[in-house]
Each structure stands twice: as C-alpha cells, then as structure tokens.
Amino acid sequence: MVTNAVKSGEQMDRQSRILEAALDLLSRHGISGVSMRAVAREAGVALGLVNYYYDDKTSLIRAALRRVDEHDLLLVAPDPSSDPEEQLRQSLRRVAAADLLTTRYLSLRLHLWALAQADEGYAQINAEAFDRYLDGLAALVSNAQPGLTWEACRGRAADIVVIQNGMWLTALLGIDEAAIRRSIARTEQIAFAPPQDHNL
C-alpha cells in the first residue's frame, strides 16, 4: 500500500526535477529554449506531467524564479549556532561558494536579469525577491552592528550586493581567486565599518 506521504514525496521530487530542468534550459538557452516539451524531455517526465503542475510556460518560469529566490534566501539565512558577527561573515562568503561560481549558475543569473528587464511580470517577481534578499542581508548586518539604523543596514546591504553581482559577472570571464577574496574582504569592510566610515 502506498501512503499519502510517499505520494507527496514523489510529487515533490517530480516537481523539483521539472523546475531544475527549466532552470537548466534557461541557463543554456535563455527563455527561447524553454518550452513545456523541452522541459519534459530535460526532466525525463511525460509532457502531461509538466502540464499537470504548470498551466503554461509563464507559470513554469515564475515557479523557477521563485526557486531561485528560495535559494538566494538561504545565502542570508542566519545560523543560530554562530554569533551575529560570524553569521554575517558566513553569509558574505557563501556567495563565492564553488557551486555559485559556475558557468551554468552565472549564465542562469544573466538570463534571469534579462527576463526581468524584458517582462513586467518577471520584473515584479525579481524585485520582490531582491527586496527579500536585501532585508535578509540587512538583518544580518543589524544583528552584527546593533548601533546602526535599519536604513543604514539596508544601505550597506545594497552596496554589498553591487559588489557581489560584480563578482559574479567577472567570474564569467574567468575565476580570479585573488579578486574574489578581495571582493569578499570589501563586503566585510562595508558590513563592519563604523557608522562614520561606511563611505570610505
């Protein structure tokens, strides 16, 4: 007898495979390479199953964008086993993890940014995801630097994201370990600078 929990687990696995297939196609071919049929083939599932979970290509892409958002939030998730300063340092270093500095991941990022520029609906999802990431990073800064205002923490988070995105973009041209270390060190300087020294 198959339990509901087993069925639910199988459904989650199939949905996850479908979303991962969509993200993989997006990273390799952009939005033009994503179709319900191509996703089904990439995921190794029947086309009917993709259509069962997602009404159309738009709903599939939106779900894939939300998957990326969930992943991004893990980058700024607090680790209760560490003190606030160490939590912030860990988060700032996570963006340079080996699985994020791959051509597949960086290409996916570029395609998602392009999608956000080309489509209002995707732009809204992207903007909301960006705000959640900024808030998560700002919360880590606030916990590590309790003397800062929320606006100052969010400003620092925004400055850090500019460096992180630049690091990802330049990694596409070739990973320079020393430059990545300098970028991470710069984000730490921004995060931990005394209030009056932030703009230095």
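In this predicted model, Arg93 is partly exposed, its relative accessible area being 41%. Its salt-bridge partner is Glu188, and the closest N and O atoms of the two are 3.1 Å apart. Arg93 belongs to helix α5 (residues 84–94) and Glu188 to helix α9, so this pair ties together parts that lie 95 residues apart in sequence. Helix α9 itself covers residues 177–192. Unlike Arg93, which is partly exposed, Glu188 counts as buried, because its relative accessibility of 15% falls under the 20% cut-off. Setting aside residues up to four places away in sequence, Glu188 touches Arg89, Leu92 and Arg93.

Turning to charged pairs more widely, side chains of opposite charge can pair when their charged atoms come close. The count for this model comes to 13 salt bridges. One of them joins Arg104 to Glu20, with 3.8 Å between the closest N and O atoms. Arg104 sits in helix α6 and Glu20 in helix α1 (residues 4–29), so here too parts distant in sequence are tied together, in this case 84 residues apart. Arg104 is partly exposed at 34% relative accessibility, and Glu20 is likewise partly exposed, at 35%.

A salt bridge within a single helix is found between Asp24 and Arg28, whose closest N and O atoms are 2.4 Å apart. Both residues lie in helix α1, and because they are four residues apart, about one helical turn separates them. Asp24 is buried, with a relative accessible area of 17%, whereas Arg28 is partly exposed at 43%. These residues also take part in a wider arrangement: Glu20, Asp24, Arg28, Glu42, Arg67 and Arg104 are linked in a network of salt bridges. The Arg104 and Glu20 pair described above thus belongs to this network, as does the pair of Asp24 and Arg28.

Attention now moves to the pockets. The largest pocket has a volume of about 320 Å³. Its lining is made up of 19 residues, and those nearest the centre are Asp72, Arg109, Trp113, Asn126 and Phe130. Four helices each supply at least two residues of this lining, namely α4 (57–75), α6 (103–118), α7 (120–144) and α8 (150–171). Of the contributors, α7 gives the most, with six residues. In chemical character, the lining divides into 13 nonpolar residues, three polar and three charged. Helix α6 therefore appears in both parts of this account, as it holds Arg104 of the salt bridge to Glu20 and also supplies residues to the lining of the largest pocket.

Technical notes:
Residues numbered from 1 in each chain as written. Predicted model: local features only at pLDDT ≥ 70, side-chain atom pairs only at ≥ 80, totals over all residues. Heavy atoms only, no water. 1 Å grid on protein atoms, 1.4 Å probe; cavity = no way out; pocket = protein on both sides within 12 Å on 5 of 7 lines; lining within 4 Å. Points joined across faces, edges and corners; volume = space filled by probe spheres on them. Nonpolar A, V, L, I, M, F, W, Y, C, P; charged D, E, K, R; others polar. Contact = heavy atoms within 4.5 Å. Salt bridge = Lys/Arg side-chain N within 4 Å of Asp/Glu carboxyl O. Buried < 20%, exposed > 50% of the residue type's maximum accessible area, 1.4 Å probe, protein only.
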